[in-house]
Amino acid sequence: MLLNSKNALITGAAGGIGRALILVYARQGANIWAFALEPSNAFEAFCDGLAEENDCWVKPLYCDLTDAVSRKAAFNAVMADKLPLDILVNNAGVMGDDKLFQMVSDAEARSMFEVNYIAAMEVCRFATRMMARRRCGAVVNIASVAGLDGDSRADYSASKAALIAATKALAREMAPLGIRVNALAPGMTNTSLIAGLAEKAVEDTLAKTLLHRMAEPEEIANVAAFLGSDMASYVTGQTWRVDGGRV
């Protein structure tokens, strides 16, 4: 198994890609702190089932990553377990409504950056401090092809571009500490977020994709598992497109 006995922190774990991440990571042998926004009996049952099926532990932790008090409580819960942190998968993010630039308010743009960039960096700070003690670890930031191509709404594309740029800078800073930092840029993926997009926008995107279909969440999670594993021990500072061949 790629991740046997490694301990991973995965944010945004209750969403479409997030659930696939904890599923794939558990199947690959990892133990998981699964950060989600709100408590859910269904999510807890899902985590319990994964732990039982894969002989690992999957611990749900609930917090609003944009709220300092909530975030600190979740981080303290991780610290209280007194276990090493091997992998961070920074997945929590929002897409927002499909609006034209002129229709987006300053408040909406700030909120987008608060989740997609600022909260992600706070989680990175926490995780890399833990990893630095052992001088090893891997960070996988879930970005988007929109951050590379600018083909989505402006604030969303910019927030993901910021995450990609930070990934490159962090990789340089963290390399002497033995910590690898990479980003993964999914293309259109079959999650509930797609429901908010106009049908023509979806059709146009798939027409420009060599495989002519959306990704399934597990296809994104499989690449994230590789980047978090020792199989990717010489990979850092990179942004991996997982987009079905966008042209």
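**Exercise 1. Determine the strand order of the open sheet and identify its edges.**

Step 1. Seven strands form an open sheet in the order β3-β2-β1-β4-β5-β6-β7, with parallel pairing. Strands here are DSSP runs (E, at least two residues), as helices are (H or I, at least four residues), and both are numbered from the N terminus. Two strands count as paired if DSSP finds at least two bridges between them. In general, strands of a sheet pair through backbone hydrogen bonds, either parallel or antiparallel.

Step 2. β3 and β7 stand at the edges with a single partner strand each, so one side of each has no neighbour in the sheet.

Step 3. From one strand to the next, the twist averages 20°. Axes are lines fitted to C-alpha atoms (for helices, over the stretch in contact), and angles between N-to-C directions run from 0 to 180 degrees.

The model is predicted: local features need pLDDT of at least 70, side-chain atom pairs count only at pLDDT 80 or more, and totals for chains, interfaces and linings use all residues. Residues are numbered from 1 along each chain as its sequence is written, and side-chain values use heavy atoms, with hydrogens and water left out.

**Exercise 2. Follow the pairing of neighbouring strands, and find the helices that pack on the sheet.**

Step 1. β1 and β2 run parallel and are joined by four bridges. Asparagine 7 has asparagine 31 in β2 as its bridge partner.

Step 2. Helix α2 packs on the sheet and touches β2 and β3, its direction making about 160° with that of β3. Contact means heavy atoms within 4.5 Å.

Step 3. β4 pairs with β5 in the parallel sense over four bridges, and valine 89 stands opposite valine 140 in β5.

Step 4. β5 and β6 also run parallel, over six bridges; the partner of asparagine 141 in β6 is alanine 183.

Step 5. Helix α6 (residues 154-174) lies across β5, β6 (179-186) and β7, and runs at about 160° to β6.

**Exercise 3. Establish whether the faces of β5 are buried or exposed.**

Step 1. The terms rest on relative accessible area: buried means under 20%, exposed over 50%, and partly exposed in between (1.4 Å probe, protein chains only).

Step 2. Six of the six residues of β5 are buried.

Step 3. Both faces are covered: Gly137, Val139 and Asn141 are buried on one side, and Ala138, Val140 and Ile142 on the other.

**Exercise 4. Describe the largest nonpolar core and two residues, Ile32 and Ala8.**

Step 1. A nonpolar core is a set of buried Ala, Val, Leu, Ile, Met, Phe, Trp, Tyr and Cys residues joined through side-chain atoms within 4.5 Å. The largest core has 37 residues, of which Ile22, Tyr25, Ile32 and Leu184 touch the most other members.

Step 2. Two or more residues come from each of β1 (7-10), α1 (16-27), β2 (31-36), α2, β4 (87-90), β5 (137-142) and α8. The largest share, eight residues, is that of α1.

Step 3. Leaving aside residues up to four places away in sequence, isoleucine 32 touches Ala8, Ile10, Ile22, Tyr25, Ala26, Trp57, Val58 and Lys59.

Step 4. A second, separate core has 30 residues, including Phe35, Val78, Ala143 and Ile164.

Step 5. Alanine 8 belongs to strand β1 and is buried, at 0% relative accessible area. With the sequence neighbours up to four places away not counted, alanine 8 touches Tyr25, Asn31, Ile32, Trp33, Leu85 and Ile87.

**Exercise 5. Count the aromatic pairs in the whole structure and classify two of them.**

Step 1. Rings of Phe, Tyr and Trp (its six-membered ring) pair if their centres lie within 6.5 Å; planes under 30 degrees apart are stacked, over 60 edge-to-face, and the rest tilted. The search finds five aromatic pairs.

Step 2. The ring centres of phenylalanine 43 and tyrosine 62 are 6.4 Å apart and the planes are at 70°, so this pair is edge-to-face. Phenylalanine 43 lies in helix α2 (residues 41-54) and tyrosine 62 in strand β3 (residues 58-62), so the pair ties together parts 19 residues apart in sequence. Phenylalanine 43 is buried at 2% relative accessibility, whereas tyrosine 62 is partly exposed at 23%.

Step 3. Phenylalanine 226 and tryptophan 240 form a tilted pair, 5.5 Å centre to centre with 50° between the planes. Phenylalanine 226 is in helix α8 (residues 217-228) and tryptophan 240 in strand β7 (residues 239-242), 14 residues apart.
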